[in-house]
Amino acid sequence: MLKKCLFPNIDGKMPKLGKNIYIDQNSVIIGDVIIEDGVYISPNAVIRCDEPPTKGIIIKKNVNIQDGAVIHCLSGTGVIVGKDSSISHCTIIHGHAEIGDKSFIGFNSIVFNAEIGDGVVIGHNCVIDGTGDTIKIPNNKWIPPNSSIYKDEDGILKAFLSNGKIITNFTELPELPGWYKSFPDKVANINNTLNQGYINIYKK
């Protein structure tokens, strides 16, 4: 593992690392960040906790954070990414945010001021924008690609699904389709393999 991508924030707080972690040398990790065991961080990822005071960023066990992903928290907020979750290419996770265990955040998606349950799959190019009111997504839900959730001009949080359906009760969000169910685990497994493979290379 290469540590030259770890930096203190303006309070002097440094990232804290667990075991069996691979962090690509072209990523940037700043400040009050805890990274637990088995995490894999791809090139050009940014994890930044440097607007004091914050509640910190916690990346739990066996998470993979892919190329170009950004995780950041505003002053007074924090971010938690639950174990075995995938934060895929070019996503933005912005505090306040909580991502549950075994969840998948699709390419180019945004999660802000939201609490995402366990086993949730957020498809590619989605916007989960909790500006004005924290969004809470129940466990095991699917948000199809190109959907958006935000507070509408009438002051009500709404999910605008890509099929045209509008939902205000998020327990009515769809369950993950059967043909998609194996995909999040496959992503997590291949990234765990990459993690161990790169650790082995740099041990030599």
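A residue is taken as buried when its relative accessible area is under 20%, and as partly exposed when the value lies between that limit and 50%. In the predicted model described here, His 94 has a relative accessible area of 18% and is therefore classed as buried. His 94 belongs to strand β13, which spans residues 92-99, and the side chain of His 94 is joined to that of His 72 by a polar contact of 3.0 Å. When neighbours within four places in sequence are left aside, the contacts of His 94 comprise His 72, Cys 73, Leu 74, Val 79, Val 111, Phe 112 and Asn 113.

Strand β13 also contains His 96, and the peptide bond that leads from Gly 95 to His 96 is cis, with omega near 5 degrees. A cis peptide bond is likewise found from Pro 52 to Pro 53, where omega is near -10 degrees; Pro 53 is located in the loop that runs between β7 (46-49) and β8 (56-59).

Positive phi values were computed for residues other than glycine, among them Cys 90, for which phi is near 60 degrees. Cys 90 is placed in the loop between β12 (86-87) and β13, and with a relative accessible area of 41% this residue is partly exposed. Asn 140, which is not a glycine either, has a positive phi of about 60 degrees and lies in the loop between β18 (135-137) and β19 (142-143). The relative accessible area of Asn 140 is 44%, so Asn 140 too is partly exposed.

A further loop residue, Asn 9, is situated between β1 (6-7) and β2 (16-17), and its relative accessibility of 10% places it in the buried class. The side chain of Asn 9 reaches the backbone nitrogen of Asp 11 at 3.0 Å. Beyond the residues up to four places away in sequence, Asn 9 touches Ile 30, Gly 31, Asp 32, Cys 49 and Asp 50. For one of these partners, Cys 49, the C-alpha atom is separated from that of Asn 9 by 7.1 Å, although the two residues are 40 residues apart along the chain.

Across the whole structure, 10 aromatic pairs are found. In the pair formed by Phe 104 and Phe 183, the ring centres are 5.2 Å apart and the planes stand at 75 degrees, so the arrangement is edge-to-face. Because Phe 104 lies in strand β14 (residues 104-105) and Phe 183 in helix α1, this pair ties together parts that are 79 residues apart in sequence. The two rings can also be described by their accessibility: Phe 104 is buried at 1% relative accessibility, whereas Phe 183, with a relative accessible area of 28%, is partly exposed. Both residues belong to a cluster linked by ring pairs, in which Trp 142, Trp 179 and Tyr 180 also take part.

The largest pocket encloses about 200 Å³ of space. It is lined by 15 residues, of which Asp 84, Lys 102, Ser 103, Pro 184 and Asp 185 are the closest to its centre. Helix α1, which comprises residues 183-203, makes the greatest contribution to this lining, with five residues. By residue class, the lining of the largest pocket consists of five nonpolar, six polar and four charged residues.

How values were computed. Residues are numbered from 1 along each chain as its sequence is written. This is a predicted model: local features need pLDDT of at least 70, side-chain atom pairs count only at pLDDT 80 or more; totals for chains, interfaces and linings use all residues. Side-chain values use heavy atoms; hydrogens and water are left out. On a 1 Å grid over the protein atoms alone, a cavity is a set of points where a 1.4 Å probe fits but cannot get out, and a pocket is an open set with protein on both sides within 12 Å along at least five of seven lines; lining residues have an atom within 4 Å of a point. Grid points are joined across faces, edges and corners, and a volume is the space filled by probe spheres set on the points. Helices (H or I, at least four residues) and strands (E, at least two) are DSSP runs, numbered from the N terminus. Ala, Val, Leu, Ile, Met, Phe, Trp, Tyr, Cys and Pro count as nonpolar, Asp, Glu, Lys and Arg as charged, and the others, Gly among them, as polar. Buried means under 20% relative accessible area, exposed over 50%, partly exposed in between (1.4 Å probe, protein chains only). Contact means heavy atoms within 4.5 Å. A polar contact is a pair of N or O atoms within 3.5 Å; within protein, one must be able to donate a hydrogen and the other to accept it, and residues adjacent in sequence count only if both atoms are side-chain atoms. Rings of Phe, Tyr and Trp (its six-membered ring) pair if their centres lie within 6.5 Å; planes under 30 degrees apart count as stacked, over 60 as edge-to-face and the rest as tilted.
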